[in-house]
Amino acid sequence: MLKTPAAPDSMRPAEPASLKSPRLSDLVVPIRCLGENHRTRIGNHLKALNAQDRYLRFGFSAKDEQIDRYVEGLDFERDEIFGIYNRQLKLIAMAHLAFSIDMRMNPSSEFGVSVLAPSRGRGFGARLFERAVMHARNRGVKTMFVHVLSENVAMLQIARNARATVERDGAESEAHLSLPPATLNTQLAEIVEEQMAQTNYQFKVQAKQFQDTFSRMQSFWRDMDHSASAE
Ligand SMILES: CC(C)(COP(=O)(O)OP(=O)(O)OC[C@H]1O[C@@H](n2cnc3c(N)ncnc32)[C@H](O)[C@@H]1OP(=O)(O)O)[C@@H](O)C(=O)NCCC(=O)NCCS
């Protein structure tokens, strides 16, 4: 995307926040890896973004049909899609970590993210970035890229907080973060985090089923009451 690299960010501390060992607080937001069965909900999530957010996410104001094509093309085998669900099982945040075609020759990945407007400013975007960094390290990625519009303050802030190098070329910027190799810690942390996220999701599924059944029963009893009082 970028042709003329501009001055990189300077003053980088020794160890970027997102490269440090995972903290306990990092495990609080359950982020799970999404598979084929989440395709529809990924589409619904992206189509809930307004025109400006679609522009920031894709670099153009993607129409619904273009989002459909993007979602249809998601390769869950090669890439990793991360998601955060709320209690109503609505996908409120998601990230796509796309790996290079030839990981042996070019061990790199590209990160894209979106958080629904009502859920912003709560650290979900940053957490998804950290989760993607951990996964990328475990997959042997050496450099992670984010293509960002230069006006996208929030995404640039996430990248800068992770001590990524940001190079601006007019309206577009490219952030790249060099990743150290995986450790036993990053590998174990990812297994634990995924397990916790799966368990959390199953709880939400059961809680929602219970809630739906309860609401149906309530409306059934209400209808019964109405018919009894009408007689
Ligand atoms: C970019 C986006 C994912 C950020 O999600 P988020 O969950 O709101 O971000 P976070 O809460 O994790 O905030 C991350 C940082 O950005 C800052 N930030 C968030 N929104 C901001 C805004 N509107 N202006 C300035 N800074 C902002 C936060 O303060 C935080 O920095 P800090 O930790 O130094 O305080 C979200 O705004 C979004 O979905 N935008 C539309 C799609 C998009 O732009 N995708 C990125 C391109 S790939």
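**Notebook: helix packing and the nonpolar core**

I looked first at α1 and helix α3 (residues 64–72), whose axes cross at roughly 145° and come within 10 Å. I noted the handedness of this crossing of α1 and α3 as right-handed. On the α1 side I listed Arg39, Ile42, Gly43, Leu46 and Lys47 as making the contact, and on the α3 side Asp64, Ile67, Asp68 and Val71. Sorting the residues of the contact of α1 with α3 by class, I recorded four nonpolar, one polar and four charged.

I should state here that the model is a predicted one.

**Overall layout**

I then turned to the chain as a whole. I recorded six helices and seven strands in the protein chain. Read from the N terminus, the order of elements is β-α-α-α-β-β-β-α-β-α-β-β-α. The protein chain has 231 residues, and 27% of them are buried. I also looked up the sequence separation of contacts: among those in the protein chain with a separation of 6 or more, 67% are between residues 24 or more positions apart.

**The second helix pair**

Next I examined helix α4 (residues 124–138) against helix α6 (residues 184–230). Their axes lie 9 Å apart, and the packing angle is about 125°. I therefore entered α4 as oblique to α6, since angles of 65 to 115 degrees count as roughly perpendicular and those over 145 as roughly antiparallel. The crossing in which α4 passes α6 is left-handed. Met134, His135, Arg137 and Asn138 of α4 make the contact with Thr186, Gln187, Ala189 and Glu190 of α6. By class, I noted two nonpolar, four polar and two charged residues in the contact of α4 with α6.

**The core**

Which residues touch the most other members of the largest nonpolar core? I found these to be Leu128 and Ala132, in a core of 42 residues. I then listed the elements giving two or more residues to this core: the helices α1 (39–47), α4 and α5 (153–161), together with the strands β2 (80–85), β3 (91–99), β4 (108–115), β5 (143–149) and β7 (172–178). Helix α4 supplies the largest share of this core, with eight residues.

I followed Leu128 further. With its neighbours within four places in sequence left aside, Leu128 is in contact with Ile31, Phe82, Ala93, Ala95 and Val113.

I closed the entry on α4, which gives eight residues to the core and also packs with α6 at an angle of about 125°.

Technical notes
Residues are numbered from 1 along each chain as its sequence is written. This is a predicted model: local features need pLDDT of at least 70, side-chain atom pairs count only at pLDDT 80 or more; totals for chains, interfaces and linings use all residues. Axes are lines fitted to C-alpha atoms, for helices over the stretch in contact, and angles run from 0 to 180 degrees between N-to-C directions. Helices (H or I, at least four residues) and strands (E, at least two) are DSSP runs, numbered from the N terminus. Angles under 35 degrees count as roughly parallel, over 145 as roughly antiparallel, 65 to 115 as roughly perpendicular and the rest as oblique. A crossing is left-handed if the near helix is turned anticlockwise from the far one by less than a right angle, and right-handed if clockwise. Two residues are in contact if their C-beta atoms, placed from the backbone, lie within 7 Å. Ala, Val, Leu, Ile, Met, Phe, Trp, Tyr, Cys and Pro count as nonpolar, Asp, Glu, Lys and Arg as charged, and the others, Gly among them, as polar. A nonpolar core is a set of buried Ala, Val, Leu, Ile, Met, Phe, Trp, Tyr and Cys residues joined through C-beta atoms within 7 Å. A residue is buried if 20 or more other C-beta atoms lie within 10 Å of its own, exposed if 12 or fewer, and partly exposed in between; C-beta atoms are placed from the backbone.
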